[in-house]
Amino acid sequence: MAKLLLLHTPHFTPKIHHRTFTSILSKSQTVSFLRLSSFPSPPHSIFHPPFSPLSSVPSLSSPVVQSHRSLIPAFSFSSRAFDDSSSPPETQNEQELEHQQKEEPDRIQRGQKTETEDYPSGEFEYEKMGAWKSFIVKLKMLFAFPWERIRKGSVLTMKLRGQISDQLKSRFSSGLSLPQICENFIKAAYDPRISGVYLHIEPLDCGWGKVEEIQRHILNFKKSGKFLIAYVPVFGEKEYYLACACEELYAPPSAYFSLYGLTVQASFLRGILEKVGIEPEVQRIGKYKSAGDQLMRKTMSEENCEMLTALLDNIYGNWVDVVSSTKGKKREDIENFINEGVYKVESLKEMGLITDIHYDDEVISMLKERLGIQKDKNLPLVDYRKYSRVRKWTLGLTGGRDQIAVIRASGSISRVRSPLSTPTSGIIGEQIIEKIRSIRESKRYKAAIIRIDSPGGDALASDLMWREIRLLAASKPVIASMSDVAASGGYYMAMAAGTIVAENLTLTGSIGVVTGRFSLEKLYEKIGFNKEIISRGRFSELRAADQRTLRPDEAELFANSAQNTYKQFRDKAAFSRSMSIDEIEEVAQGRVWTGKDAASHGLIDAIGGYSRAIAIAKQKANIPQDTKVTLVELSRPSPTLPEILSGIGNSLVGVDRAVKELLQDLTYSDGVQARMDRIMFQRLEGYTNASPIFSLIRDYLSSL
């Protein structure tokens, strides 16, 4: 099956494979080994959808190794994958694009927002409960379910570590959920039974977008006047970014910490390929598209260095600014402290970066004293999992009559569900489309929010969802809210919305193309392997003849196909953002942007989190900002018996979810395996033992 993948992926170690690969670089190599934490990121992934660069659609991703079976008939590539359904398949020039925007009234004339457009901030405002509302809440608590009953004076404790999903999770699912973490902060602020929050923060396996969202809710909770204390036994820059926002911050005397700055790394395989006799044939389109560089070069290109440096400067600069502002220090003082190479916890206390040095039991004793609890009594604690089951209705936090639909789209994009996939395994295009249509056909919803946390995936699925979102936006306001990443296929979805909101450090954009294949002629000679092909058609061997290099006419067609695909992608981005071809060209070419820079270049409309997306949705739907709305989560999980049994199995034998997803990708008969290595990257992110050697071994085993 021919597929086009719109993927934004971190840097990876490519799989050495004899089959053709083609990709439209979503992120080039962007976070190619983007280690923006003191806990280094692991090798990134390789993708291998089953299509040829010509007869099928290239992939929007980091370099994609394409697996296919020999002698399978080629599928023709339709340029409508990047064009509007009513547009001709030929590439449009700028004049035709402008004419199209003027002449077709059914299109969504959203356009690029101006600097002066006024969007509501969506800032949290704590309102103390009145006597009557307080009475109603207490009355509701009397009739609350048993699992919602909490002892008065309890302390909410949440352990923030590992992966944090942008999806809601069922009671049977393990791991942390960003929506539930944020909701717990809001509930705790108003819950008269909760006296404060005690956070345990350890190494996080998520992007900076989620970290910004959580920090925002930490600051919002402090407005309630309740205490908020953090305990950090192991932390780096990302963990401290959260912890420094808390009222008090404690660390044990033996704490592991690493505040030495941030790094970006890139690896190159050309030397390895030369030694084994593999010759990559790559067509680069887009000067910032570095995925091809990993195969063709032995050193980093100037353009790739420029892009990665800009990303690093953005994230590092933001970290220094936030920490210095939060702790009341000068920017220079924080930078000097980092450059001193501090390794003693005592130095953190002397600098004022932590409140004091205490063990966990000592902090618990301090909390007992603060709450007037005897030393021999236990501190009443309620954990994240239990508190997540407390309904907002119990606390009188239900919304109003006006409803806003919310669709959460997280993970790699595929068109259909695989046999082994779970309800939370990536973005399934047909399911998202079904939800979008239900919103469009219903009169209940005044607006819709599409929450995106995706590096991309199947281009056909991305385009189909793009079309449905545009149709929805023609009937009611649609706001795209970006989380950690919404690049390539993820950005493709967001383009259809009326307004795009992203965090300062969201990674987005990524419009570029790299197309290539491997010639294994020298490798075959070394190992004594011979391959002969009988073909019909001048270009029929383009995808099958890996035993030789391309002929000049094949190479020309190969390059033209990639150029055409890039133009289709670029033109559709230009149309969606109401920009000229020249304007979009300046921000395309495979370059990945942080949300802050994307806003200044017209790729997004506003900086902010989920709460600002809600505020803008209310504004667009003519709902007063002080009016409460009901958010209807259409992606709320409903666990099945297999999922429940799977969860039980995990707790019994310790089977990690990454292994299950890896098996799913390896056994999917339709060839959609473009998520495997990215999943492995996420599981290993933040651990120092992740290395290119491990990635090479993993890729070899997965190709067997």
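## Exercises on salt bridges and rings

The structure holds 34 salt bridges (a side-chain nitrogen of Lys or Arg within 4 Å of a carboxyl oxygen of Asp or Glu). This is a predicted model, in which local features need pLDDT of at least 70 and side-chain atom pairs count only at pLDDT 80 or more, while totals for chains, interfaces and linings use all residues. Residues are numbered from 1 along each chain as its sequence is written, and side-chain values use heavy atoms, with hydrogens and water left out.

**Exercise 1.** Locate the salt bridge of Arg-216 and Glu-213 and classify the burial of each residue.

*Solution.*
- Step 1: the closest N and O atoms of Arg-216 and Glu-213 are 3.4 Å apart.
- Step 2: both residues lie in helix α4, 3 residues apart, about one turn of the helix. Helices (H or I, at least four residues) and strands (E, at least two) are DSSP runs, numbered from the N terminus.
- Step 3: an α-helix has 3.6 residues a turn, so residues three or four places apart point the same way.
- Step 4: buried means under 20% relative accessible area, exposed over 50%, and partly exposed in between (1.4 Å probe, protein chains only).
- Step 5: Glu-213 counts as buried because its relative accessibility is 2%; Arg-216, at 23%, is partly exposed.

**Exercise 2.** Explain which parts of the chain the salt bridge between Glu-281 and Arg-517 ties together.

*Solution.*
- Step 1: the side chains of Glu-281 and Arg-517 meet at 2.6 Å, N to O.
- Step 2: Glu-281 belongs to strand β12 (residues 279-285) and Arg-517 to strand β23 (residues 513-519), so the pair ties together parts 236 residues apart in sequence.
- Step 3: Glu-281 is buried at 16% relative accessibility, and Arg-517 is buried at 1%.

**Exercise 3.** Describe the geometry of the aromatic pair formed by Trp-208 and Tyr-241.

*Solution.*
- Step 1: the structure holds 11 aromatic pairs. Rings of Phe, Tyr and Trp (its six-membered ring) pair if their centres lie within 6.5 Å; planes under 30 degrees apart count as stacked, over 60 as edge-to-face and the rest as tilted.
- Step 2: for Trp-208 and Tyr-241, the centres are 5.6 Å apart with 90° between the planes, which is edge-to-face.
- Step 3: this pair links distant parts of the chain, with Trp-208 in helix α4 (residues 208-222) and Tyr-241 in helix α5 (residues 237-243), 33 residues apart.
- Step 4: Trp-208 and Tyr-241 are both buried.
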